[in-house]
Amino acid sequence: MALRVFLSAALASLVVVGCPVTEPPGRARTPLAGLTTVPAVARVELASDIGARPAKAAKRRPRRSREQPLSRADSTSADGALDVEFVRAPSEAFAALPLHEDLIPGRILGALSKETVVRTEPRPNARKLGFLRQGALVRRDPEAAGHDGCAGGWYRVAPEGYVCVGKTATLDPNHPILQLTDRRPDRASALPYLYGRARYPTPPLYTRLPTLNEQALIELDLVAQRRRTRWFTAWEDAPLSEVPALLERGERIPRPFGYPVLERDFVSGSALPETGFAFLHLYEHEGRRWGLTTDLSLVPLDRVEPVQPSAFHGIQLSKETPLPVVFVRSKGAYLYRGDPRKAGLSIERPLEHREAVAITGTKVRLAEASYLETRSGHWIVDQNLMRVDPMRTSPSWAKGDRTWIEVSILQQSLVAYQGTEPVYATLVSTGIGGLGDPKETHATVRGTFLIHTKHVTATMNNEEVGDEFDLRDVPYVQYFQDGYAFHAAYWHDAFGTPRSHGCINLSPMDARWLFHWTGPAVPPAWHSSLSLAEGTLVYIHP
């Protein structure tokens, strides 16, 4: 099958698209034990770091470089693998990744924009490698590599590429924007930030901490709101940060480069009814709790509901746990012990809704029901199950260690492969248009593609009347065709059922796993990565 891949310059920097359809959260199940985590942080040495600190080495498959390595003798081993050390990151919602341990005073570059571009060469028209986001701190070479189209100079950064210092980047680690955005996304967590969704009436978006009189001026129902939320304790246990001096002084939050200039003094507008927020910090001020969003707005938390993400996830596959597997689609199924062909069966335990169970393929048909044997030696009734079987024939691209993903729209399933070996299986939510024409309906596009652009988070919104939403920082976004992407959905828990505007929704745990497994890799401290050559193949079929 011919590989169809499209990558336009506009799409390469796309971070706003309307994919998801909103839905109230459903019941989440308890996570299964034994899910293998993927290291979220890798340290990579700059060539100019040699001698600055002891070298550390642990091997992984290299991120295929688009240019000459920083130091072939020192940054690669004999077999060509890039020497790195994996560091397990904390999983708490507000935990910052331990990247700053690698920063050397006088060798720091900080991002000041939502999209601080990293380029392959020190010139303005060089190809984009990816983006940093405001608040990101990366190691850099001590001196600029050049000043072509960049008065502040192009600096080489870890692990590769060049950034122009100026409106979108700074060498001053104490810059006010860096101080406010020091919390980095936690890529070891299912949700990289602490999230909330707008309640009704929706919150205003303040540009500084307002006084009580200013709140009353904007929030005409403020007295009633305080009375309504007197016992609203949803954010009571969330950790609070110290209010920065800039906000204590009543100053307006500085605007990162690329954001619209605000005309009003202390408020920029109000959130849509279907708005999701990601928070960097929570503060207490004037007897009220406030959240600082990733786009540097302040919202009163009594008008925001905390997000409780789905705990659903798929199953890790191996030689010991291969396909086939089944996902339980009912809420009253049981796992049985015994032998249905002999003395009968007794209940071992209840099976949870959408629980993944590896089976042997042995089926016993009796008068009252059919039973499937599990790899644990138990039995389940062959009813209300979604079954994922091994491939009958291998596609042409399933060679060696190549990573690729198979998505079935009718089954609402996803299987990740390395060569011919399945490594992960789960349920997804594709477009509500089913097998319709993606140009006419909210159907998911079908065919073969490559993942070409990945964002740790990206905003997705829609302004169609009657279907408005504004979902900030949708986690683990991976574009493979036009505006179609894999991404986590923190606003619903209906995986296994079509729910989206065309994108492929995954549970946050599955989305995180897939994001770290696929190419192109997103380096530590970066927010996005762009590469067709390194992209994992995607095959979507009915």
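**A walk through a strand-rich chain**

Let's begin with two neighbouring strands: β26 (residues 403–408) pairs with β27 (residues 413–418) in the antiparallel sense, and six bridges hold the register between them. If you want a landmark in this pair, find Ile405, which stands opposite Ala416 in β27. Keep in mind as you look around that this is a predicted model.

Now step back to see where this pair belongs. β26 and β27 are part of an open sheet of six strands, arranged in the order β18-β28-β27-β26-β35-β29, with mixed pairing. At the edges stand β18 (315–316) and β29 (447–450); each has a single partner strand, so one side of each is left without a neighbour in the sheet. As a reminder of what links such strands, the strands of a sheet pair through backbone hydrogen bonds, either parallel or antiparallel.

From here, move to another part of the chain, where β15 (residues 288–293) has partners in both β14 and β16. Strand β14 (residues 275–285) runs antiparallel to β15, and the two share six bridges. Their hairpin has two residues between the strands, and Glu286 there takes a positive phi near 55°. With β16 (residues 298–300), β15 is again antiparallel, this time over three bridges. This hairpin has four residues between its strands, and Leu296 in the turn has a positive phi of about 65°.

Which residue of β15 stands opposite Tyr283? That is Trp290, and Trp290 also stands opposite Pro300 in β16, which makes this tryptophan a handy place to centre your view. As for its surroundings, β15 is mostly covered, with five of its six residues buried.

Helix α7 (residues 508–517) offers a helical example of burial. Nine of its 10 residues are buried, so the helix is largely enclosed by the rest of the structure. Buried here means under 20% relative accessible area. The buried residues include the aromatic side chains of Trp513, Phe515 and Trp517, and also Asp510, Arg512 and His516. Pro508, Ala511 and Leu514 complete the list.

Finally, consider the chain as a whole. It has seven helices and 35 strands, and 55% of its 542 residues count as buried. How much area does the chain expose? The value is about 23,400 Å², of which carbon and sulfur atoms supply 51%. Among contacts between residues at least 6 apart in sequence, 69% join residues at least 24 apart.

Terms used: Residues are numbered from 1 along each chain as its sequence is written. This is a predicted model: local features need pLDDT of at least 70, side-chain atom pairs count only at pLDDT 80 or more; totals for chains, interfaces and linings use all residues. Side-chain values use heavy atoms; hydrogens and water are left out. Buried means under 20% relative accessible area, exposed over 50%, partly exposed in between (1.4 Å probe, protein chains only). Contact means heavy atoms within 4.5 Å. Accessible areas come from the Shrake-Rupley method with a 1.4 Å probe; for residues, only the protein chains shown count as cover. Two strands pair if DSSP finds at least two bridges between them.
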